[in-house]
Amino acid sequence: MSIRVGGVVIDVNDLDGLAAFWSRLLERDITRREDDWISLGPDLALQRVSEPKTAKNRVHLDLVTDDFAAAVARATVLGATPVGEMHEDLWQVWRDPEGNEFCVCVS
């Protein structure tokens, strides 16, 4: 028997808005759509929930890029906001438009 991670699901309130954000940020197409669920490829999905985000995420995505300046410029244009400064010249915490944290990391 083996157990493996099949994907990551982000809880959101605005399903279409956050799907547009993550789809454009990661340059991924929507591959599945249901009333309360959108998949962006085989390993990332968004799920509509009724409750708002109220605390720091306990799990987050580390997004790796070979062009940090371009990646954070795209994130900013799409509505993400930085949380503090870059750390160790390697990574910076960001929030998507609903406040879900993720990191942009230098490859």
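These legends accompany four close-up views of a predicted model.

**View 1. An open sheet is built from four strands.** The strands line up in the order β5-β8-β7-β6, and their pairing is mixed. Strands β5 (61–65) and β6 stand at the edges with a single partner strand each, so one side of each has no neighbour in the sheet. As you follow the sheet across, neighbouring strands are turned by 20° against each other on average, direction ignored. As a reminder for reading this view, strands of a sheet pair through backbone hydrogen bonds, either parallel or antiparallel.

**View 2. Strands β6 and β7 run antiparallel.** Here we zoom in on one pairing of the sheet. Four bridges join β6 to β7, and β7 spans residues 91–95. To find your bearings, look for Val83, whose bridge partner in β7 is Val93. Strand β6 itself covers residues 81–87, and β6 is one of the two edge strands of the sheet.

**View 3. Phe21, Trp22 and Phe102 form a cluster linked by ring pairs.** A search of the whole structure finds three aromatic pairs, and two of them are described here. In one, the ring centres of Phe21 and Phe102 lie 6.3 Å apart with the planes at 55°, so this pair is tilted. Phe21 belongs to helix α1 (residues 15–26) and Phe102 to strand β8 (residues 101–106), which makes this a link between distant parts of the chain, 81 residues apart. Both Phe21 and Phe102 are buried. In the other, the rings of Trp22 and Phe102 have centres 5.1 Å apart and planes at 70°; this pair is edge-to-face because its angle is over the 60 degrees that separates edge-to-face from tilted. Trp22 also sits in helix α1, and its pairing with Phe102 of strand β8 spans 80 residues. Like Phe102, Trp22 is buried.

**View 4. Met86, Leu90 and Val106 make a nonpolar surface patch.** The patch has an area of about 210 Å². One of its members, Met86, is found in strand β6, which you met above as an edge strand of the sheet. Is Met86 buried or exposed? Met86 falls in between: its relative accessible area is 31%, so it counts as partly exposed. That value is also over the 30% needed for a residue to join a patch, which is why Met86 can be included here.

Key. Residues are numbered from 1 along each chain as its sequence is written. This is a predicted model: local features need pLDDT of at least 70, side-chain atom pairs count only at pLDDT 80 or more; totals for chains, interfaces and linings use all residues. Side-chain values use heavy atoms; hydrogens and water are left out. Patches are made of residues with over 30% relative accessible area and no salt bridge: like charges are joined within 9 Å, nonpolar side chains (Val, Leu, Ile, Met, Phe, Trp, Tyr) within 5 Å. Accessible areas come from the Shrake-Rupley method with a 1.4 Å probe; for residues, only the protein chains shown count as cover. A salt bridge is a side-chain nitrogen of Lys or Arg within 4 Å of a carboxyl oxygen of Asp or Glu. Buried means under 20% relative accessible area, exposed over 50%, partly exposed in between (1.4 Å probe, protein chains only). Rings of Phe, Tyr and Trp (its six-membered ring) pair if their centres lie within 6.5 Å; planes under 30 degrees apart count as stacked, over 60 as edge-to-face and the rest as tilted. Two strands pair if DSSP finds at least two bridges between them. Axes are lines fitted to C-alpha atoms, for helices over the stretch in contact, and angles run from 0 to 180 degrees between N-to-C directions.
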